[in-house]
Amino acid sequence: MTGLLKKIFLVDLFQGLFVTFRNQNPKYIYTEQYPAERPKVAERYRGAPRLNINPDNGETLCISCNLCALACPENLIVVTSERSEVTKRKELITFTYDTSRCMFCGLCEDACPVDALELTQDFEMASYTREGQIWDRQALEEGPKPTQYKC
Amino acid sequence: MPDSTFLDSTELVLNMGPQHPSTHGVLRVILKLDGEKVLGTDCIIGYLHRGVEKIAENRTYAQFNPYVDRMDYVAAVSNGLGYCLAVEKLLNVEAPPRAQAIRVILTELNRIASHLLWLGTHALDIGAITPVFYCLREREEALKIFEKYCGARLTTHAFRIGGLLYETYDGFEQEIRDFCKMFIPKVDEYEELLTNNRIWVGRLKDVGILSADECKEFGVTGPVLRAAGVKWDLRKAQPYSGYEKYDFDIPTRQNGDTYDRYMVRMEEMRQSVRIMEQAVEGIPEGPIMGKVGKVIKPAIGEAYVSIEAPKGELGYYIVSDGSTQPYRCRVRPPSFVNLQALDRMIRGGLIADVVAVIGTLDIVLGEVDR
Amino acid sequence: MADEQTPGAPDAAPPPKGEAAGPPVKPAADAAKAAPPKPAAAAPPKPPAIMAATPWDSDLARELKERFGEGISETSTYLGQNFIVARPDSVIPILEYLKLEADFDYMVDVTAVDWPKRAERFDVVYVLYSFSRNERVRVKTYIAEGFQPETAVGVHLTANWLEREVFDMFGIEFAGHPDLRRILMPEEWQGHPLRKDYGILQQDQRWVRENLEIESGQ
């Protein structure tokens, strides 16, 4: 009997509708207004790669050990270096990083013994060309420069 | 058109997919129909085949780790756990207790995230649009914890062979506690929306029945098996990663229809919260990385290790030839095996039920095709 | 494109290890020959060249040995996981026996391993589980290329798709299979990708050109 009454008065449907209306309260708004309001990603976020430079003298931290290239599952890092006549140490010449094939697993970052290569919190890496996805040393040191939209 | 063809009552062959929204990816189901009735089906899969097993043979053990996240991409942490456990088995090492506890917390959180995505999309398939917004809202909280812990939301690469790379961040425990506290009322809210809803019940009850014997015959595992009344969960049957320390129930139902599978998964989310609550209270102190060398080189041998992924039994069969690369890495995906039972479940049903049954199997095509 | 130039794209031929899981190939004789030149104490403990499996001692193993005799060549355990090595023609009776008498009612997986250097080129592996015993066992068999093992679909329905996948990836044809088609690769694809002689960048050029209308899928 109660079952029939519940059916007639659409109790089950109103029960669900009540939940919907409860969530209509503006304080439950969850949407981010993306280009205007930029999300704050976590500190450990693995985004655009960056080749760190020493802030004191502006030289690269990279010691061209090639460990990142060996660790990379996709083989997308190519490091070339030259042994300097003066210091007898390897010096970095080029560093290319193909972000189009990168899956941001962080293995290169783990492998780096001097914290030179780092996956940063930048996440806007779109490019109009495929070639633009392959970053050279300069791009890696400067980081991506996404367009800032004013809304 | 001659009348005879017009009035002909022959069967109609209908392609559903591979771009059909309710096949959850690129699954193509060829349906043989008599009016609305399904006479037979044939699944065409492989549209997302990337050759994960071949890639494994050409990568080192550590390098292959991020690839497993890309099979079942809504439950990447579970995939990673299975792979790490399999290689650890080959190496004959075990992750330290602290790593195990954190692994359990994250895996259970991932199970909740996976079930939430399932619930949202399944309800959307059936025609209930509201739950998907709420489900993804709560899933977002879980993904934020992943992002804070390991830096990625979906393809996490959270675990390493031998333990963990990342120590927990400040406030990790508190965030897990807050999530657990927030989440249980939300599950009740979903149930309020759906469980008694007459349309929901009407669409799901007695649809796609798979009995316990049929489940075993087809090798179907996970919530589908439990909904048919088999009280079997690898976390209880063959505990791994310290699951024996936690107290939780295996939810089961009797009918094995779509509605029961829904109920089982809802209850599973509550049990996952229970496990997380217990695990977070007693995370032991200590190291997070076991005794694993920099170069992972297991002795010659083979091992099959499986875990209870959100979809069912996820197994890794790894053959080592003593080198740094797996000689053969076979993944036993739960979705692939479960999908095989689709034909049995929808034969004789209506075409509208196909959508409900595919949704309730909770397949992820990335895992079916690998 | 870029992939082909990458240094050390790891698609080299597998190192020689054909005998790894096969029957032990006189390790004793080799050891004896190698031992005299160097002092015995200096030799570091080398990992064994074959799987260090130990005999599997249980009632079930004895039962199986008694019943199938010649059909089972090895019952071993490695890392606490039990496996049986059976002759190709006795695999199906063993699976049947395990299902009906020993309650191994859930076939977890069917897969294969390619050992191109070995006379019997493929391992076919069946992973079984018993709900009532809570126990796993693997049934392995070694087959030569071109040999058609009998299908297990008659015993476990799960084997249907799993065997199709093995056929697709390794080209092992299962005799009596009800529906032996490719499952993951396209129907007209030539070659079996998981064989060791199939390179990681290799593809069916003709198929790619005809169906995708591009030169290379790489």
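## A bridge in chain A

Let's start with one residue pair: A:D98 has A:I134 as its bridge partner in β5(A). This is a predicted model, by the way. That pair sits in a wider pattern, since strand β3 of chain A, residues 90-98, runs antiparallel to β5(A) and the two are joined over two bridges.

Zoom out a little and you get an open sheet of three strands in chain A, ordered β2-β3-β5, with antiparallel pairing. The edges are β2 (77-83) and β5 (134-135) of chain A, each of which pairs on one side only.

## Where chain A meets chain B

Moving on to the chain contacts, 19 residues of chain A touch 20 residues of chain B. On the chain A side, the elements giving two or more residues are the helices α2 (11-22) and α4 (107-111). The top contributor there is α2(A), with six residues.

What is the class make-up of the side of chain A that touches chain B? It has 11 nonpolar residues, plus four polar and four charged ones.

## Where chain C meets chain B

Chain B also has a contact with chain C, and this one takes 38 residues from chain C and 37 residues from chain B. Which elements give two or more residues to the chain C side? Three strands and a helix of chain C do: β4 (106-114), β5 (122-130), β6 (135-143) and α5 (159-170).

Of these, β4(C) brings the largest share, six residues. Sorted by class, the side of chain C that touches chain B holds 26 nonpolar residues, alongside six polar and six charged ones.

## Two domains in chain C

Chain C itself is split by the domain assignment into domain 1, residues 50-183, and domain 2, residues 185-218. How far apart are the C-alpha centres of these two domains of chain C? They lie 30 Å apart.

The two parts do touch: eight residues of domain 1 of chain C are in contact with nine residues of domain 2 of chain C. On the domain 1 side, α5(C) supplies the largest share, three residues. So far as class goes, that side of domain 1 has four charged residues, three nonpolar and one polar.

Helix α5(C) is worth a second look in the viewer: besides its part in the domain contact, α5 (159-170) of chain C is listed among the elements on the side that touches chain B.

Note on methods
Residues numbered from 1 in each chain as written. Chains lettered and ligands numbered in written order. Predicted model: local features only at pLDDT ≥ 70, side-chain atom pairs only at ≥ 80, totals over all residues. Pairing = 2+ DSSP bridges. Helix = DSSP H or I, 4+ residues; strand = E, 2+ residues; numbered from the N terminus. Contact = placed C-beta atoms within 7 Å. Nonpolar A, V, L, I, M, F, W, Y, C, P; charged D, E, K, R; others polar. Domains from an automatic or database assignment.
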